[in-house]
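Q: I'd like to take a close look at one part of this structure and go through it slowly. Could you walk me through it in plain words?

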Amino acid sequence: MIGPPHRPCRRPPWRGPAASEGLPDRGRPDHGPVAGEEADIGEPPADGRFVAFGDKSLRLWLFDVAQRTAREIDRSDAGEILEYSFSPDGAWLAYSKPMMNANNWIRIRSTTDDRTIDVSDGLTHDREPVFDPRGRYLWYLSDRHLNPIV
């Protein structure tokens, strides 16, 4: 199910393209998603240039539709990266990365180069990042319960 461009969607299971369709061989570590491996596919940007998806190996991938290539853009040590969305122009991918401290960290990644910007610091549980419809602001939910001990 593909949701509207301004809301995250709950991604359906997706079977990755076969190696014969141009993805790198996954018989070797870190060379792309396994053909037939179940992954969560994200919502593509309006221009359809890219598709983002997370796999069961805790990695986040960016698939270039025109070049038919996938590149790993991040990985987590604590859980699957399941929440991500593109900016309306497709230039940025915002995602929530699980951390070992049971919180999530919001990051944005450029689709044109290797720039990654940390939006939050991982000290709070930040989740469901979404760009506003015009792409000017990044919205996300944040659980902030501070309990200082005096």
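Which residue in β8 does Ala94 stand opposite? And what else can you tell me about β8 and the strands around it?

A: Ala94 stands opposite Ile108 in β8. Before we go on, keep in mind that this is a predicted model.

Let's start with that pairing. Strands β7 and β8 run antiparallel, and seven bridges join them. Between these two strands there's a hairpin with five residues in it, and in this hairpin Ala102 has a positive phi near 75°. Most residues other than glycine have a negative phi.

Now look at the other neighbour. β8 covers residues 104-110, and it pairs with β9 in the antiparallel sense over three bridges. Two of the facing pairs are easy to find: Arg109 stands opposite Thr116 in β9, and Arg107 has Asp118 as its bridge partner in β9. The link from β8 to β9 is a hairpin too, running through five residues.

Zoom out a little and you get the sheet. It is an open sheet of four strands in the order β6-β7-β8-β9, with antiparallel pairing. β6 and β9 (116-118) are the edge strands, so to speak: each of them pairs on one side only. From one strand to the next, the twist averages 20°.

So is β8 buried or exposed? Seven of its seven residues are buried, so β8 is largely enclosed by the rest of the structure. Here "buried" means under 20% relative accessible area. Both faces of β8 are covered. On one side you'll find Asn104, Ile106, Ile108 and Ser110, and on the other Trp105, Arg107 and Arg109, all of them buried. Notice that Arg107 and Arg109, the residues we just matched with partners in β9, are on that second list.

What about the strands next door? In soluble globular proteins, nonpolar side chains tend to be buried together. The largest nonpolar core in this model has 15 residues, and Leu60, Tyr84, Phe86 and Leu93 touch the most other members. The elements that give two or more residues to this core are β3 (50-55), β4 (59-64), β5 (69-75), β6 (83-86) and β7 (92-98). That list includes β6 and β7, which you've already met in the sheet order.

One last thing to look for is a positive phi elsewhere in the chain. Arg68, in the loop between β4 and β5, has a positive phi of about 55° although it is not a glycine. Glu128, in strand β10 (residues 125-131), also has a positive phi of about 55°.

Technical notes:
Residues numbered from 1 in each chain as written. Predicted model: local features only at pLDDT ≥ 70, side-chain atom pairs only at ≥ 80, totals over all residues. Heavy atoms only, no water. Core = buried A, V, L, I, M, F, W, Y, C linked by side-chain atoms within 4.5 Å. Buried < 20%, exposed > 50% of the residue type's maximum accessible area, 1.4 Å probe, protein only. Pairing = 2+ DSSP bridges. Axes fitted to C-alpha atoms, helices over the stretch in contact; angles between N-to-C directions.
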